[in-house]
Amino acid sequence: MLKFPDGTQVRVSGLDEIMEDLYREGKQANQETAEEILDRLEKGGNYIPPSARQDYRRIIIKVYEDYISEHKK
């Protein structure tokens, strides 16, 4: 579940699996990785509105940073 600053919540399929794969590959939380996550989400059948892609990218970076921090413990 992605949570946006305005309170909107969006369910996306496959996010945990994608982050797990990228974490295993040693990918860092940055713009490039966020774009790769978005591309994989879209290939998995999730719709990401072009007008909201930048907002999604910002949220994805934060979510992936949290994922990395949690798995380093």
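Let me start with L41. In this predicted model, L41 touches V12, S13, G14, L15, I18, N46, I48 and I60, if we do not count residues up to four places away in sequence. L41 is also among the residues with the most contacts inside the largest nonpolar core. That core has 20 residues, and the others with the most contacts inside it are L2, L15, I37, Y56, I60 and Y64. Helix 1, residues 15-24, helix 2, residues 31-43, and helix 3 each supply at least two residues of this core. Helix 3 gives the most, with seven residues.

Now helix 2. Helix 2 has 13 residues, and from its first C-alpha to its last it reaches 18 Å, close to the 18 Å expected at 1.5 Å a residue. Which residues of helix 2 are buried? They are T33, A34, I37, L38 and L41. Looking down the axis of helix 2, the buried residues fall within an arc of 140°, so they line one face of the helix. What covers those buried residues includes helix 1 and helix 3. On the other side of helix 2, E32 and K43 are exposed.

Next, the ends of helix 2. The N-terminal end is capped by N30, with a side-chain oxygen 3.2 Å from the backbone nitrogen of E32. After helix 2 comes G45, and its phi is positive, near 100°.

On to two arginines, R53 and R57. R53 has its place in helix 3, and R57 lies in helix 3. Are they buried or exposed? R53 has a relative accessible area of 15%, and R57 is at 18%. The cut-off for buried is under 20%, so R53 and R57 count as buried. Leaving out residues up to four places away in sequence, R53 touches E35, L38, D39, E42 and I48. With neighbours within four places in sequence left aside, R57 is in contact with Q31, A34, E35 and L38.

Then the aromatics. How many aromatic pairs does the structure hold? It holds three. For F4 and Y56, the ring centres are 5.1 Å apart and the planes are at 65°, so that pair is edge-to-face. This pair links distant parts of the chain: F4 is in the loop between strand 1 (2-3) and strand 2 (9-10), while Y56 is in helix 3 (residues 53-72), and they are 52 residues apart. F4 is buried, with a relative accessible area of 12%, and Y56 counts as buried at 6% relative accessibility.

Another pair is Y64 with Y67. Their ring centres are 6.3 Å apart and their planes at 15°, so this pair is stacked. Both Y64 and Y67 lie in helix 3, three residues apart, about one turn of the helix. Y64 is buried, and so is Y67. Together with Y23, Y64 and Y67 form one aromatic cluster.

Last, K3, which has its place in strand 1. K3 counts as exposed, at 54% relative accessibility. Leaving aside neighbours within four places in sequence, K3 is in contact with T8, Q9 and I59. K3 and S13 are 10 residues apart in sequence and, C-alpha to C-alpha, 14 Å apart in space. S13, you will recall, was in the list of residues that L41 touches.

Terms used. Residues numbered from 1 in each chain as written. Predicted model: local features only at pLDDT ≥ 70, side-chain atom pairs only at ≥ 80, totals over all residues. Heavy atoms only, no water. Phe/Tyr/Trp six-rings, centres within 6.5 Å; stacked < 30°, edge-to-face > 60°. Helix = DSSP H or I, 4+ residues; strand = E, 2+ residues; numbered from the N terminus. Buried < 20%, exposed > 50% of the residue type's maximum accessible area, 1.4 Å probe, protein only. Contact = heavy atoms within 4.5 Å. Core = buried A, V, L, I, M, F, W, Y, C linked by side-chain atoms within 4.5 Å. Expected span 1.5 Å × (residues − 1). Arc of directions from axis to C-beta. Polar contact = N/O pair within 3.5 Å; in protein donor to acceptor, adjacent residues only side chain to side chain.
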